[in-house]
Amino acid sequence: MLCTRIVNANIVTMDPARPTARELGVWRGRIVGLDEEVSAVPARRVLDLDGATVPPGFIDSHVHLVWAGLTARAPGVAPSERAGSILSAVASAVAAAPPGAWVELAGYDQRPLGRHLTAAELDSVSAGRRVFLGHVSGHGAVVNSAIQELLPAPVRTDGFLAEEAMSEARRLRPAYSLAELATAIGESARQCRAEGVTACAEAGVGSELLGHSPIEGAAYQLALETGRLPLRLQLMVSADALSPVDAAPEDTTSHAVALGLRTGFGDGRLSLGALKVFTDGGMMARTAALSRPYEGTDAAGQLQRTSRPLDEVIVAGHLAGWQLAVHAIGDRAVDVALDALERAQRLHPRPDARHRIEHAGLVRPEQLPRFAAVGATAVIQPGFLRYFGDDYAAIMGTERAPWLYRGRGFLDSGVRIAGSSDRPVADGAPLRAIQFMVERASLSGRIIGPAEGVTVDEALRAYTADAAYACRWEKSAGSLTAGKRADLAVLGDDPRRVDSSRIGDIEVVRTFLEGLEGEGTRV
């Protein structure tokens, strides 16, 4: 007997062998079959969906749940349009904080101001507190003199700190408690679930750049144990967390996390995913590494400074058996990633390594076949084009703007694309991202690289089947196929049949994870 038979549904399976169905059977959280395979099987419950569209639950391949949850609860300064309003928000947050407290605010963005705030300006409203004003990109911060004076002399500035300098400042903050972090995880995970997301890849536990506690991984375990993780989660481990080890030479492992754990450890709701390696910064902070300068400037961004050369970090991760998730936004950083991945595969071929390049924000035409040859998946953020596209197009110029966050170019070159949000940097709703992948329109209506637009089916695949492949979940998720988990999104309309301008507004009516709706109602 089935636990549930779903009937009268427009089921979009994402399985080429059987693209659509009207009925679906569930038993103990798994899909048993479709249509005639289950129509005559008795069921404890028959769920009539009145024609609603049912794709697989969406998979967001690159998120930051702790950061998103903390940002949602922190005082903010967005939209950062006037220095006076930012300083007023800082003054209010300082007034609400106890004496001696670290005061952290979110949403800072220098672009509307045309300049960065200074430490002196923050000092004027800090009342002696340590003030950390986080940049929306996660790649920088403005801090006041109370923090600057605690930093090593080489990284001090007049206010704005980028990349490693920001990490130095963040390390001065008292660590968040596991309870605080688990609460933040739960709140952002529930938001994901409400948007039809049933699985995520957390992009960088243990990162010096984005870390919030030296034992942050334990917060995810606490969230799971206390019922605050309503989706499946894969933890990428930052390369910062690796330490040198003396292993047997035949194991080709020179650096590892404790016990030698790597990609694939764990199962169920929480597991280890890829090794996250940062090679550059971000476009908003102007630290993404480019092969030639940003338009109108002499600056071309920067590669991350690490204790070991970046290519050695990438090669060592490959040799140790990790799947790699290499953060590379600018085209110069993409060169670094591709060079290292090619070298790694020459040294130790791993045909199914499933390495990923996170963001791939600017990719030159001649880099596309190299992507395909090395077997890398491009993990892109379509929302960046929507919300930041006008700025990105301006700083790239006419020739380079069409190369931003590619779609068609990757697919036509044989490169898989996995959709993601980089939540909280941009809106996390998959349906809105799918719309942007098709239209490539910024908020102003500017079409950026129209030749890079993809079809709705291709965009859906990026958030289901190909995202599952990128996370090594394709045997259990990504399509509505017998034997896979009953992870489903129930939509108020069919994104393949409405005008593309309406896709982002389609209602997510319900979301099921292994046959469970909401906080535990099994279908």
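**Exercise 1: the cores**

Task: In this predicted model, find which residues have the most contacts inside the largest nonpolar core, then list what L233 is in contact with.

Solution:
- Step 1. Start with the largest nonpolar core, which counts 74 residues.
- Step 2. Look for the residues with the most contacts inside this core: they are F58, L233, I357, F371 and F410.
- Step 3. Zoom in on L233 and skip its neighbours within four places in sequence. What's left in contact with L233 is L65, C200, E202, Y220, R269, L270, S271 and W473.
- Step 4. Don't stop there: a second, separate core has 24 residues, including M396, L404, Y405 and A426.
- Step 5. For some background, nonpolar side chains tend to be buried together in soluble globular proteins.

**Exercise 2: two helices that cross**

Task: Work out how helix α1 and helix α6 are placed relative to each other, and which residues meet there.

Solution:
- Step 1. Locate the pair: α1 covers residues 65-73 and α6 covers residues 178-194.
- Step 2. Check the axes. They come within 7 Å and cross at roughly 95°.
- Step 3. Angles of 65 to 115 degrees count as roughly perpendicular, so α1 and α6 are roughly perpendicular to each other.
- Step 4. Now pick out the residues. From α1 you get L65, V66, A68, G69, L70 and R73, and these meet E180, L181, T183, A184, I185, E187, S188, A189 and C192 in α6.
- Step 5. Sort this contact by class: 9 residues are nonpolar, 3 are polar and 3 are charged.

**Exercise 3: a sheet and its helix**

Task: Lay out the open sheet of 4 strands and find the helix α2 that packs on it.

Solution:
- Step 1. Put the strands in order: β9-β10-β11-β12, with mixed pairing.
- Step 2. Mark the edges. β9 (102-108) and β12 (160-162) each pair on one side only.
- Step 3. Note the turn between neighbouring strands, which is 25° on average, direction ignored.
- Step 4. Take one pair, β10 (residues 130-135) and β11 (residues 140-143): they pair in the antiparallel sense over 3 bridges. Here L133 stands opposite V142 in β11.
- Step 5. Add helix α2 (residues 83-96). This helix touches β9 and β10, and its direction makes about 150° with that of β9.

**Exercise 4: one glutamine**

Task: Decide whether Q435 is buried or exposed.

Solution:
- Step 1. Find Q435 in helix α13, residues 430-439.
- Step 2. Its relative accessible area is 7%. Buried means under 20%, so Q435 is buried.
- Step 3. Beyond its neighbours within four places in sequence, Q435 is in contact with R440, S500, S501, R502, I503 and G504.

Terms used. Residues are numbered from 1 along each chain as its sequence is written. This is a predicted model: local features need pLDDT of at least 70, side-chain atom pairs count only at pLDDT 80 or more; totals for chains, interfaces and linings use all residues. Side-chain values use heavy atoms; hydrogens and water are left out. A nonpolar core is a set of buried Ala, Val, Leu, Ile, Met, Phe, Trp, Tyr and Cys residues joined through side-chain atoms within 4.5 Å. Buried means under 20% relative accessible area, exposed over 50%, partly exposed in between (1.4 Å probe, protein chains only). Contact means heavy atoms within 4.5 Å. Axes are lines fitted to C-alpha atoms, for helices over the stretch in contact, and angles run from 0 to 180 degrees between N-to-C directions. Helices (H or I, at least four residues) and strands (E, at least two) are DSSP runs, numbered from the N terminus. Angles under 35 degrees count as roughly parallel, over 145 as roughly antiparallel, 65 to 115 as roughly perpendicular and the rest as oblique. Ala, Val, Leu, Ile, Met, Phe, Trp, Tyr, Cys and Pro count as nonpolar, Asp, Glu, Lys and Arg as charged, and the others, Gly among them, as polar. Two strands pair if DSSP finds at least two bridges between them.
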